[in-house]
Amino acid sequence: MAKLNTFTCSACGASFSKWSGRCDGCGEWNTIVEEAPLSAGPASKSLGAKRGTPITLTDLSAKETPPPRTGSGMDELDRVLGGGLVPASAILVGGDPGIGKSTLLLQAAARFAQAGLKTFYISGEEASAQVRMRAQRLALADAPVKLAAATSLRDILTTLETEAPDLVIIDSIQTVWADNVDSVPGSVSQVRAAAHELTTFAKRKGSSVVMVGHVTKDGQIAGPRVVEHMVDTVLYFEGERGHQFRILRSVKNRFGPADEIGVFEMTGAGLAEVANPSELFLSGRGNPAPGSVVFAGIEGTRPVLVEMQALVAPTPHSQPRRAVVGWDSARLSMILAVLEARCGIPFAGLDVYLNVAGGIKISEPAADLAVAAALLSAREDTSLPSETVVFGEISLSGALRPVGQTENRLKEARKLGFTSAIVPTGGKPGGDGGLTLTRMSDLTAFVGEVIGAG
Ligand code: TYD
Ligand code: MG
């Protein structure tokens with residue numbers, strides 16, 4: 001039976017039986033490419049006739065020691081890794097081109113090498129001289145990292161097999177090219193094959209392999225998402241181009257918590273760790289202004305305070321604008337609808353802009369109440385007292401729902417000099433962190449409080 005080609009989205013990895021202009025999986029245009037079928041190997045032919053070796057089965061209760069971890073000494077990185085680098089693991093670091101992945105990994109490579117790991121940095125994008133120049137600029141030239149510029153997977157694996165390093169950084173997976181795969185470098189099949197071989201190598205030899213993957217919108221080059229399922233840990237390096245803040249976020253981690261973040265600042269001398277992100281995100285805040293509200297959030301295991309900014313203005317267009325930076329636009333529409341339907345506050349005919357200051361992306365529903373407060377405060381031109389933080393989830397009925405880790409949020413707010421908080425009623429009883437709490441159970445009461453504040 002002839003095997004049909006499949007079609008794969010190079011941005012999200014979804015497969016289809018026929019080509020289309022827009023991917024049903026992720027909604028991107030022109031990202032679907034044709035892939036040769038996987039060869040019908042022995043598995044599909046003569047499984048009955050040829051026997052394999054029996055696999056060993058063990059008990060669930062068998063004692064397992066936690067994996068040994070090596071710290072880089074960069075706390076922001078080690079925490080995101082779940083407490084350090086684990087041997088025999090494959091890590092994917094994704095991010096937009098130019099965001100600072102190579103810089104971060106060169107700094108990390110130097111730290112791990114100094115901590116005693118045999119470290120290789122293999123670049124397929126830059127010549128060794130370029131990497132060396134960057135290392136000099138970052139004052140890392142003395143670190144015992146071995147460099148190579150290579151793209152052939154076969155050559156890379158041959159070297160790794162003989163040298164057996166503890167840590168290998170492959171920058172980037174899209175430049176690595178396997179000669180046994182019949183498609184161009186950077187294509188979905190090439191990237192998958194290369195990632196698969198490198199991951200298998202990591203498991204077999206006990207090395208840690210870090211692969212860099214550029215996020216791309218170009219259909220010809222596969223994005224990091226097509227290999228996310230193969231690796232143990234997926235980290236994304238994010239940030240706004242115009243901002244110097246960078247956030248390393250774990251979206252998957254077999255050796256630690258997901259959703260942990262590390263915060264860095266891009267400086268002239270590379271990435272500097274930001275030990276107290278709340279201080280940084282609130283640093284640009286002036287006097288209390290309409291539309292500005294401080295949200296006490298939790299990112300991973302750490303409380304982070306950020307400023308939510310809203311602007312509401314009469315629209316000159318028939319269709320008002322809703323623009324969001326750093327938050328989910330569907331969630332914004334929901335909150336506008338709840339404010340309108342449950343509290344009788346219309347936003348029709350008004351443009352609404354929402355911005356999370358500092359370039360961080362917030363995905364917690366706990367930010368609902370802070371967003372509502374920012375919108376109300378902008379619309380009514382009143383400001384909340386500057387030493388107040390807000391958090392809580394809003395349900396479609398207009399009720400306020402308690403969120404997790406209340407005490408941690410309050411403690412962080414207290415640490416940064418806030419004196420009061422508006423929070424939902426209910427939830428686990430806990431301390432007030434030393435703040436004056438205003439507890440509310442529904443949005444209507446909250447609206448009264450915010451409007452009354454001005
Ligand atoms: P880079 O690490 O090359 O990004 P990526 O590998 O994700 O494509 O970083 C690129 C940007 O970082 C570049 O625009 C210059 C800036 N940069 C600094 O601001 N300071 C530095 O010390 C370094 C090395 C880079
Ligand atoms: Mg790079």
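**Reading pockets, rings and cysteines in a predicted model**

Modeller: The second largest pocket is lined by Gly95, Asp96, Ile99, Val215, Tyr236, Phe237, Glu238, Gly239, Glu240 and Lys361. Keep in mind that this model is predicted.

Colleague: How is such a space found, and what is the volume of the second largest pocket?

Modeller: Rolling a probe the size of a water molecule over the atoms shows where empty space is left. Here, the second largest pocket holds about 280 Å³ of space.

Colleague: Which element gives the largest share of its lining, and how do the lining residues divide by character?

Modeller: Strand S9 contributes the largest share, with 3 residues. By character, 4 of the lining residues are nonpolar, 2 are polar and 4 are charged.

Colleague: How many aromatic pairs does the structure hold?

Modeller: There are 2 aromatic pairs. In one of them, Phe237 and Phe264 meet edge-to-face, with 6.1 Å centre to centre and 75° between the planes. Phe237 belongs to strand S9 (residues 233-238) and Phe264 to strand S11 (residues 261-267), so the pair ties together parts 27 residues apart in sequence. Phe237 also appears in the pocket lining.

Colleague: Are Phe237 and Phe264 buried or exposed?

Modeller: Buried means under 20% relative accessible area. Phe237 has 2%, so Phe237 is buried; Phe264, at 0%, is buried as well.

Colleague: Which residues form the other aromatic pair?

Modeller: Phe245 and Phe281 do, edge-to-face, at 5.9 Å centre to centre and with 85° between the planes. This pair links distant parts of the chain: Phe245 is in strand S10 (residues 245-253) and Phe281 in helix H7 (residues 277-282), 36 residues apart. Both Phe245 and Phe281 are buried.

Colleague: Where does a charged side chain sit over a ring?

Modeller: The charged end of Arg379 is placed over the ring of Phe347, 5.5 Å from the ring centre. Likewise, Arg409 lies over the face of Phe391, at 5.3 Å from the ring centre.

Colleague: Turning to the cysteines, how many disulfides are there?

Modeller: The count is 0 disulfides. The cut-off for a pair of cysteine sulfur atoms is within 2.5 Å. For Cys9, the nearest cysteine sulfur is that of Cys23, 3.7 Å away, and Cys9 is in no disulfide. Cys9 is buried, with a relative accessible area of 0%. Cys26 is in no disulfide either; its nearest cysteine sulfur belongs to Cys9, at 3.8 Å.

Colleague: What is the relative accessible area of Cys26?

Modeller: The value is 28%, so Cys26 is partly exposed.

Methods. Residues numbered from 1 in each chain as written. Chains lettered and ligands numbered in written order. Predicted model: local features only at pLDDT ≥ 70, side-chain atom pairs only at ≥ 80, totals over all residues. Heavy atoms only, no water. Phe/Tyr/Trp six-rings, centres within 6.5 Å; stacked < 30°, edge-to-face > 60°. Helix = DSSP H or I, 4+ residues; strand = E, 2+ residues; numbered from the N terminus. Buried < 20%, exposed > 50% of the residue type's maximum accessible area, 1.4 Å probe, protein only. Lys NZ or Arg CZ within 6 Å of the ring centre and 35° of its normal. 1 Å grid on protein atoms, 1.4 Å probe; cavity = no way out; pocket = protein on both sides within 12 Å on 5 of 7 lines; lining within 4 Å. Points joined across faces, edges and corners; volume = space filled by probe spheres on them. Nonpolar A, V, L, I, M, F, W, Y, C, P; charged D, E, K, R; others polar.
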